Amino acid sequence: MTTRIAYLYSRFSTLKQQHGDSQDRQQEIAQLWCDRHGVQLSTQSFSDLGVSAFKEKTKPALDDFIAAVESGRVERGSYLLIEDDDRLSRRGWKHTQDLMHRLVALGVEVVITKTGVVYNEHNINDLGQSIVLMVNADRSYKESERKSHLIRAQRTRAREQRLVVGQLPAWIKRADNALGFEFNELIDCINRLIEVRLQGKSLQAVAKVLNTEGFTTKRGSMWSKIGVESIIRNHALYGAKQYFDSDPKTGKMNQVPIDIALNIFPAVIDYSKWQDLQGKSPTGKGGRKSKLGAYSQLLKCGVCGGAMTIRTSKYKGELRSYRRCAKSIEGGCSESSQVREPEKYLDRVLRDLTYQTTSTTKRVSRVPELQEQIKTLSATQDILISAGQSTRLAALYVRLGELEDQLQEEMQLDLKQNDPVITSYAKILDIQDVDTKNMQLRKLLTSIKFYVIEKVKTASRWRVVVEQSNGLTTSFFLNQKHGFGNTEVVLISDGNAVIKCNAGHELEPWEQ
């Protein structure tokens, strides 16, 4: 008998809890449940670290788990372990119920380890269980709303009284003086960062100088472009403090400050110099803007796993592009080789591929489930009326209407052929809008990693590994000689044979 697998979904609302015992506790409870029930706890957990169930409309790790089930990477019949139902969602009973029904419809059994309750196809439509889930979700939602209101009130008080709470700028510490703050040991690094940037260096060049000279961030890690930019953009450099408010509907912090108070911190530079650091560099050429493309966020360095940044140069009067590891520019990776125009050759390889889910399980109709939900809510309607809680009926009627619409849609889907999902990459590559194309590719692809196999002067041989979301991989070689266009694409089949990918495709005039 095959041992069933359980996956832990752990989450906590604040990064402060990350340094406490929240994650360890959830892991320990999950292991105890598995030991008692003869289930194997997977080493792969799906954690949303520092994500609040009240603030976030989507929870990345939970979305990843659902996608893994849909693609077949996680088998139907697996368990999803959650410490408490309030860790699933705090956005109200409707959202929690929808999420639970969706997971069960995918063949997942959801375990609440705190109470031992298991939600599956046998009890998901049970009236008693549904009411308990709805009441707990409603209570959690109202508690989150109350806490959100208190936090907004505290932020308002801090802004009005010019209080400094929370994390300080990396180079500042509290002190017993008139301001209440002074520089810490990182100030020499910050001064050097500013000095190099004002010389006209790019953000990546500044990071490389800091790393070469042995400077580290406050956490002791190497500097990166993003880290340098976060310092440069900080108004605290000229002594100011930004105050933010949160969205009353989502609880998320707004990106634009509602107030900037001067003379809060000791100033590193004056406002005029701070302005020089922003936008254009002192040379007047400006910094490079990020170039988004169809494969944005997918191209990765095979050595460090970092992003592959794009660069351009002219070859025979024409502008050509190449990619190299972004961390290598900052001094954080040893792989500094450049791969020429990989997007063009990726298009050729993917155009001949199809994406198929690894699971051949037929689509499960949700008609019975939706019918049971409608029946359950209809019974709940009578209970609310009897209990004199008529104020909640409006939301219940809206939910009933939505379920009726979903039922009609599901019945239409049942009339269609229920085959495994097969998607042609060629159709996606033909999409003209780059953002849409990128979004669709990122649904099917996990990453595309580049490994240098051999390099002789200006010639290089690369192994490219395309990792798909369904767990399958496709590899091919790029044999690049001197100059742009002198590239041969060689596919690797399952039998380790090689097939030239150029066959059947017209070459560019300069590739003849």
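In this predicted model, Cys325 is buried, since its relative accessibility is 1%. Cys325 takes part in no disulfide, and the nearest cysteine sulfur, which belongs to Cys304, is 3.5 Å away. Cys301 is likewise a buried residue, with a relative accessible area of 2%. The cysteine sulfur closest to that of Cys301 is also in Cys304, at 3.9 Å, and this is too far for a bond. A disulfide is a covalent bond between the sulfur atoms of two cysteines. With a cut-off of 2.5 Å between the sulfur atoms, the number of disulfides comes to zero.

The chain has 512 residues, of which 43% are buried. Its secondary structure consists of 14 helices and 20 strands. Among contacts with a separation of 6 or more, 60% are between residues 24 or more positions apart. A pair far apart in sequence is formed by Ser71 and Asn470, which are separated by 399 residues along the chain, while their C-alpha atoms are 5.2 Å apart. Ser71 belongs to helix H2, which covers residues 60-71. The relative accessible area of Ser71 is 5%, so this residue is buried.

Five of the strands make up an open sheet of mixed pairing, and their order across the sheet is E2-E1-E3-E4-E5. The edges are occupied by strand E2 (40-41) and strand E5 (117-119); each has a single partner strand, so one side of each has no neighbour in the sheet. Strands of a sheet pair through backbone hydrogen bonds, either parallel or antiparallel. Strand E1 (residues 5-8) runs parallel to E2, and the two are joined by two bridges. In one of these pairings, Ile5 has Gln40 of E2 as its bridge partner. Ala6 stands opposite Leu41, which is also in E2. E1 is further joined to strand E3 (residues 79-82) by three bridges, and these strands run parallel as well. Leu8 has its bridge partner in E3, namely Leu81. In a regular strand the side chains alternate between the two faces of the sheet.

Helix packing was examined for two pairs that involve helix H7 (residues 225-232). In the pair with helix H5 (residues 187-198), the axes are 11 Å apart and the packing angle is about 95°. H5 and H7 are therefore roughly perpendicular to each other, because angles of 65 to 115 degrees fall in that class. The residues that meet are Ile190, Leu193 and Arg197 from H5, and Val228, Ile231 and Ile232 from H7. Sorted by class, this contact comprises five nonpolar residues, one charged residue and no polar residues.

In the pair with helix H6 (residues 203-212), the axes of H6 and H7 come within 8 Å and cross at roughly 105°. This crossing makes H6 roughly perpendicular to H7. On the H6 side the contact involves Leu203, Gln204, Val206, Ala207 and Leu210, and on the H7 side Lys225, Val228, Glu229 and Ile232. Six of the residues in the contact of H6 with H7 are nonpolar, one is polar and two are charged. Val228 and Ile232 of H7 thus appear in the contact with H5 and in the contact with H6.

Positive phi values were found in two loop residues, Arg162 and Lys457. Arg162, which is not a glycine, has phi near 55°. This residue is located in the loop that connects helix H4 (127-160) with strand E6 (172-174). Its relative accessibility of 36% places Arg162 among the partly exposed residues. Lys457 is likewise not a glycine, and its phi is about 55°. The loop that holds Lys457 is between strand E16 (445-456) and strand E17 (459-468). With a relative accessibility of 77%, Lys457 is exposed.

Key. Residues numbered from 1 in each chain as written. Predicted model: local features only at pLDDT ≥ 70, side-chain atom pairs only at ≥ 80, totals over all residues. Heavy atoms only, no water. Pairing = 2+ DSSP bridges. Helix = DSSP H or I, 4+ residues; strand = E, 2+ residues; numbered from the N terminus. Buried < 20%, exposed > 50% of the residue type's maximum accessible area, 1.4 Å probe, protein only. Axes fitted to C-alpha atoms, helices over the stretch in contact; angles between N-to-C directions. Parallel < 35°, antiparallel > 145°, perpendicular 65-115°, else oblique. Contact = heavy atoms within 4.5 Å. Nonpolar A, V, L, I, M, F, W, Y, C, P; charged D, E, K, R; others polar.
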